[in-house]
Amino acid sequence: TLARKELLDALRNHWLQGYALLLGLLGWLLAAAASSSSAGLGLQTFGRTTASLTNLSLMLAPLVALILGALAIAGERDRGTLERLLAQPLERGELLAGKGLGLLASLTLATLVGYLPAMLVLVRAGAGSLAVFVLLAAIVILVVAALLAVGLAVSVTSASGGQAQARALFLWFAFVLLWALLLMGTVSTVSLRPAALALLLGTDLQFLGPAGAWLTDTLGPASAGVALGAVILLWGAGALWFALARFRAALRYRSAPPPALIPRLTAYFLPRRA
């Protein structure tokens with residue numbers, strides 16, 4: 001019930017609507033431009049469009065996932081509805097899971113809608129494969145799920161929605177741009193093993209370079225994809241575990257005062273014996 005409510009609320013969110021609209025419009029323009037400039041070259045048209053669409057998705061999708069995840073709990077706190085939700089007969093883990101599942105469903109739907117115009121243009125021109133589009137969408141959704149978990153971790157540790165959004169924007173900048181730049185600077189001065197580089201960069205094969213080639217040659221294309229997907233799942237699982245631990249810890253701290261305060265309160269309110 002909570003996941004369904006969160007899904008319906010998220011579909012009315014301007015961030016999600018803008019993401020689906022921008023992804024669909026830019027994807028359609030990329031597909032149309034590639035089709036017109038590469039007439040008769042179906043594979044080249046398909047490769048250009050899917051590469052551009054994937055890079056575009058990996059820029060936009062993390063931003064929207066982080067923002068929506070960061071507002072999941074902090075937004076309820078700002079609206080004064082968090083206490084009402086916590087008063088319902090459900091655990092904090094169920095509350096966090098319901099919100100996360102609803103947001104993930106809405107982001108999945110928005111991603112598929114955003115991919116639809118480009119898919120229709122390429123398939124109609126005979127230059128596309130539906131299976132490849134489904135695979136690309138699945139990769140983006142996997143990244144979205146991991147960063148949504150990071151956004152939930154931001155949400156439960158933020159005092160307000162404004163603070164949560166600011167942290168989410170900083171993390172988006174750090175994950176999408178700053179992390180890769182810093183790591184590439186480190187690689188130029190410190191020797192890292194290919195396996196360590198693959199673990200740190202996840203599925204960003206643009207920066208993996210020779211490490212990506214090593215991983216593909218060692219494991220094979222399919223196994224390399226599975227391994228990189230597992231790295232993203234590991235990041236998401238760690239963030240989700242942290243969010244759940246902090247959310248439950250807040251309940252323990254609120255339900256009883258710290259032990260050190262009890263003697264002080266007793267000494268203050270009870271008169272001393274003569």
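**Helical architecture, salt bridges and a nonpolar patch**

From the N terminus on, the elements of the protein chain follow the order α-α-α-α-α-α-α-α-α-α-α-α. The model described here is a predicted one. In total, the protein chain holds twelve helices and zero strands. The chain has 274 residues, of which 38% count as buried. Its accessible surface amounts to about 15,400 Å², and carbon and sulfur atoms account for 70% of that surface. When contacts between residues at least 6 apart in sequence are considered, 75% of them join residues at least 24 apart.

Helix α5 covers residues 92-124. The 33 residues of α5 should span 48 Å at 1.5 Å a residue, and the C-alpha atoms at its ends are indeed 48 Å apart, so the expected and computed values agree. The helix nevertheless contains a kink of about 35° at L116, a position shortly before the proline P117.

Charged pairs were examined next. Side chains of opposite charge can pair when their charged atoms come close. Five salt bridges are found in a search of the whole structure. One of them joins E6 to K99, with a distance of 2.8 Å between the closest N and O atoms. This pair links distant parts of the chain, since E6 belongs to helix α1 and K99 to helix α5, with their positions 93 residues apart in sequence. E6 has a relative accessibility of 9% and therefore counts as buried, the limit for this class being under 20%. K99 is also buried, because its relative accessible area is 1%.

A further salt bridge is formed by E76 and R79, whose side chains meet at 3.3 Å, N to O. Both residues lie in helix α3, which comprises residues 42-79; because they are three residues apart, about one helical turn separates them. The two partners differ in exposure: E76 is buried at a relative accessible area of 6%, whereas R79 is exposed at 56%. Salt bridges that share partners bring E6, E76, R79 and K99 together into one network. The network thus includes the buried residues E6, K99 and E76 as well as the exposed residue R79.

D9 and R12 form another of the salt bridges, their closest N and O atoms being 2.7 Å apart. At 29% relative accessibility, D9 is classed as partly exposed. Its partner R12 has a relative accessible area of 55% and is therefore exposed, as the threshold for that class is over 50%.

The surface also carries a nonpolar patch of about 320 Å², to which L8, L11, L109 and V113 contribute. The elements that supply two or more residues to this patch are α1, residues 2-11, and α5, residues 92-124. Of the patch residues, L11 is located in helix α1. With a relative accessible area of 34%, L11 is partly exposed; this value satisfies the requirement that patch residues have over 30% relative accessible area.

Helices α1 and α5 therefore appear together in two of the features described: the salt bridge between E6 in α1 and K99 in α5, and the nonpolar patch, to which each of these helices gives two or more residues.

Conventions
Residues numbered from 1 in each chain as written. Predicted model: local features only at pLDDT ≥ 70, side-chain atom pairs only at ≥ 80, totals over all residues. Heavy atoms only, no water. Patch = residues over 30% accessible without salt bridge, like charges linked within 9 Å, V, L, I, M, F, W, Y side chains within 5 Å. Areas by Shrake-Rupley, 256 points an atom, 1.4 Å probe, with all protein chains shown as cover. Salt bridge = Lys/Arg side-chain N within 4 Å of Asp/Glu carboxyl O. Helix = DSSP H or I, 4+ residues; strand = E, 2+ residues; numbered from the N terminus. Buried < 20%, exposed > 50% of the residue type's maximum accessible area, 1.4 Å probe, protein only. Contact = heavy atoms within 4.5 Å. Expected span 1.5 Å × (residues − 1). Bend = angle between axes of the 7 residues up to and from the residue.
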